[in-house]
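Reader: Please show me the structure, and let me ask how its terms are applied.

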Amino acid sequence: MFLIIVEKSNEVIYIKITKIAKAGTLESNDILIMVMPNDSGNIELELESIVMQQFGDVIEQVILHKVKEMGIEGITIKAQDKGALDYTIGARVETAIKRAI
Amino acid sequence: MQKLRRTMLFMPGNNPGMLQDAAILGADAIILDLEDAVSLTEKDSARILVRDAIKYIDYSQVEVVVRVNPLDTEFGPQDVDVIARVKPDTLLVPKADVEEIKLVDIMLAKIEEEEGYLVGSIKIIALIETALGLETVYEVIKASQRMVGVLLGGEDLTADLGITRTKEGEEIFYARNKVATVCRALRVDAIDTPFTDTNDYEGLTKDTARAKSLGLTGKSAINPRQIEIIHAVFAPTEVELKQALRVLAAMEEAEKEGKGVFSLDGKMIDAPVINRARTTVELGQRLGLIER
C-alpha cells in the first residue's frame, strides 16, 4: 500500500463530495473503490493491488485522471485492486464519486 | 449481409471479467445485461461499467446487444440515454409492448441526432415476456423500423400467465408458434428463450431442436457452454445441404427447359421448396459448410 497526495490547483472549479461511498467488488478483474471527503482540499489515494509491482503506477494514473476529469477536490480514495483493466477502474471511480456527491 | 443470430449470450452487466471475455466465447451476439442480472443497488454501477466496456473492449466480432431496464422503472430511461451514446449495435427492450418500443425509438432518434450518428443505426430487439406483448407481437415489431428481432422470454411469460414453467416446454408451445410465425411474416429474427439447466446438454439439444422445428431462428444462452450445442442444432445437416443443392441444380435445369414446376425424385418442386433450398444453401455458405 502507498499513499499519494495531489495538491489542488487554482485554475479549475472543483466539486466536493459530501459523504462516504463505495463501488466495485473484491472479485478478480474488479477493483473496490471507497471515497470519502477530506478537509485538506487535496486528492489522497491509498492503493493496494495484486499487480502493484507491474501496474501500480498505471492504476494510480487512471484513478487520478478520472478524479480530476470529474473536477473533484478534497477527496480521500482507498482502492483495493484485483487486477482490473483501465475501463473497470475508471468506471468504479466514477460510480463511487457519483454516489458520494 | 444480414447478421447471424443463432446464439445470443447473456452476460451480467456488473461483472468486469465476464464483460472482458464476452467477445471471444463464440456466440453470434452478446447481451450485456443491465436488468435481471444486476441487483437494484448496483444499477448505476453496471450502467457505467457497460458503457465503458463498449468504448474500451474490441467487440467487433460479435453483435453487441444491451438489455436495458424497463422504461417504466427509474433505471430504464437512464440506461437508454447513457448506453445509446456509445452506440451498441442493438438494444434489447424488456417487457416490450407497442408504447414502449415507440418510446425507445423516439429516444434513440434524439440521441443519434445529438451524437451525430446515422438516425436508425441502433437496432432494437423486443423481449416478449408478457401475455399482452405476445398477443400484440405483430404491432410491436411494426412499431419501429429499427426492429430486427424478437426474443421470447419464457420464464416471465409463464409467470405472467400464472402457469408453471417446465423443462419440456409444452406450456410455451403457443408462444413459440406465434413468435416464429409473426417474425417470419415480417422478416425479423425469432430468438428462443434460454434453457435454464446449464448442466443438461441433452435437454438443451432437444429444446433447441424443438424451437428450430417450430420456426425459431436462434436461441438465447445463459452459459458459454451452451453455444456450441445450439450452433450444432441450427446448422443445416449434410443431408439437408446436399438436398438443397440438388433442388437448386434441378431448378436451373428446368429453367433452361422453360418449365415452371418440375419434379425431383418423384416429388413436385415449386416456389416454397426452392425458397427453402435457397435459405439452407445461404446459411451453409455463411457458416462455411459449403463454398459460395
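Reader: What makes helix 1 of chain A, residues 52–69, close to the expected reach?
Author: Helix 1 has 18 residues and reaches 24 Å from its first C-alpha to its last. The expected span is 1.5 Å times one less than the number of residues, which here gives 26 Å, so 24 Å is close to it. Helices are DSSP runs of H or I with at least four residues, numbered from the N terminus. The model is predicted: local features need pLDDT of at least 70, side-chain atom pairs count only at pLDDT 80 or more, and totals for chains, interfaces and linings use all residues. Residues are numbered from 1 along each chain as its sequence is written, chains are lettered from A and ligands numbered from 1 in the order in which they are written, and side-chain values use heavy atoms, without hydrogens and water.

Reader: Why is A:Glu60 called buried?
Author: Buried means under 20% relative accessible area (1.4 Å probe, protein chains only). A:Glu60 is listed among the buried residues of helix 1, as are A:Ile59 and A:Lys66.

Reader: How do you know that B:Asp44 and A:Arg99 form a salt bridge?
Author: The rule asks for a side-chain nitrogen of Lys or Arg within 4 Å of a carboxyl oxygen of Asp or Glu. Here the closest N and O atoms are 2.7 Å apart, so the pair qualifies. Across the interface of chain A and chain B, three salt bridges are found.

Reader: Which part of chain A gives the most to the side that touches chain B?
Author: Helix 2, residues 86–100, with 10 residues.

Methods
Helix = DSSP H or I, 4+ residues; strand = E, 2+ residues; numbered from the N terminus. Buried < 20%, exposed > 50% of the residue type's maximum accessible area, 1.4 Å probe, protein only.
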